[in-house]
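Reader: I am new to this structure and would like to understand how its descriptions are justified. Could you take me through the terms one at a time, setting each value against its cut-off?

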Amino acid sequence: MIYGYARVSSNGQDLTAQVKSLEEHGCTKIYKEKVSGKNKEDRTEFLSLLSTVQKGDSIVVSKLDRFARSTKDALTVIEELEEKGVSLVVLNMGGDKLDTSTSMGKLMVTMLSGIAEFELSLIKERQREGIALAKQRGVYKGRPQKYTVKNKGLQHAFELYDNRDNNGKTVKEICTITGISKATFHRKLRERSQ
């Protein structure tokens, strides 16, 4: 079966052009939604589509950015689809059509994967350079600590911990009550004892 997926980021935008191109490509069912692509969990129609498709099906989108927020995100979903035996067709990929069921489509996905990895390494490299320059200027402090001695949640956790004989609370229960992870709480206990 050929499924279509059309998405715009807000209610004020129109899906008509996307739906028309998907219908022209022969999509028998089109999933539509008006939601940001930022969080995959918020895209209920997209998640429904992913759970519906079966081996031999195709998903058609007008452009890759309607399907996924980033190249990395797209590649992750494409990999999931390949494992299910489902192909992805992007109707406008820089003027050409991309179909992951073809050899050329698979090559394009491999190239996109390489580009995504390259982009990520460039971002990390620039970040490291920026941090090094900030350290030289004395302005880099790193990520601020969330759980300092003044943090009320941490203070409450210490109080509960110190009063375990009376309250019978375990470390797990204390962490659940205060919302502090066990690893963080144990680290803070070690720091406190030093």
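Author: Two strands are said to pair if DSSP finds at least two bridges between them. The elements themselves are DSSP runs numbered from the N terminus, helices being H or I runs of at least four residues and strands E runs of at least two. This is a predicted model, in which local features need pLDDT of at least 70 and side-chain atom pairs count only at pLDDT 80 or more, while totals for chains, interfaces and linings use all residues. Residues are numbered from 1 along each chain as its sequence is written, and side-chain values use heavy atoms, with hydrogens and water left out.

Reader: How do you know that β4 and β5 pair, and in which sense do they run?

Author: Three bridges join β4 (residues 87–93) to β5, and the two strands run antiparallel; since at least two bridges are required, the pairing is accepted. V90 has L98 in β5 as its bridge partner. The two strands form a hairpin with two residues between them, and G94 in the turn has a positive phi of about 65°.

Reader: What makes β2 and β5 the edge strands?

Author: Each of them, β2 (29–34) and β5 (96–99), pairs on one side only. They stand at the two ends of the order β2-β1-β3-β4-β5, which belongs to an open sheet of five strands with mixed pairing. From one strand to the next, the twist averages 20°.

Reader: How do you know that β1 pairs with β2, and how many bridges join β1 to β3?

Author: With β2, strand β1 (residues 2–8) pairs in the parallel sense over six bridges, and four bridges join β1 to β3, again parallel; both counts meet the requirement of at least two, and therefore both pairings hold. On the β2 side, G4 has I30 as its bridge partner and V8 stands opposite K34. On the β3 side, Y5 stands opposite V61.

Reader: Why is β1 described as largely enclosed by the rest of the structure?

Author: Six of its seven residues are buried, so β1 is largely enclosed. Buried means under 20% relative accessible area, exposed means over 50%, and partly exposed lies in between (1.4 Å probe, protein chains only).

Reader: Which strands does helix α2 touch?

Author: Helix α2 (residues 44–52) packs on the sheet and touches β1, β2 and β3 (58–61), where contact means heavy atoms within 4.5 Å. The direction of α2 makes about 155° with that of β2, on a scale from 0 to 180 degrees between N-to-C directions, with axes fitted to C-alpha atoms, for helices over the stretch in contact.

Reader: Why is S9 called partly exposed?

Author: The relative accessibility of S9 is 36%, so S9 counts as partly exposed. S9 lies in the loop between β1 and α1 (16–24), and the unreviewed UniProt entry places the feature "active site" there, although such annotations may be inferred rather than shown by experiment. Apart from neighbours within four places in sequence, S9 is in contact with V35, S36 and R66.

Reader: What makes R66 buried and D65 partly exposed?

Author: R66 has a relative accessible area of 15%, and is therefore buried, whereas the 41% of D65 makes that residue partly exposed. Both R66 and D65 lie in helix α3. Not counting residues up to four places away in sequence, R66 touches Y5, R7, V8, S9, Q18 and R43.

Reader: How do you know that the side chains of D65 and R66 make a polar contact?

Author: They are joined at 3.4 Å, and a polar contact is a pair of N or O atoms within 3.5 Å, where within protein one must be able to donate a hydrogen and the other to accept it, and residues adjacent in sequence count only if both atoms are side-chain atoms.

Reader: Which element has the lowest mean pLDDT?

Author: Helix α3 (residues 64–67) has the lowest at 82, and β3 has the highest at 95, pLDDT being the predictor's confidence in each residue, from 0 to 100. The chain averages 87, and 98% of the residues score at least 70.
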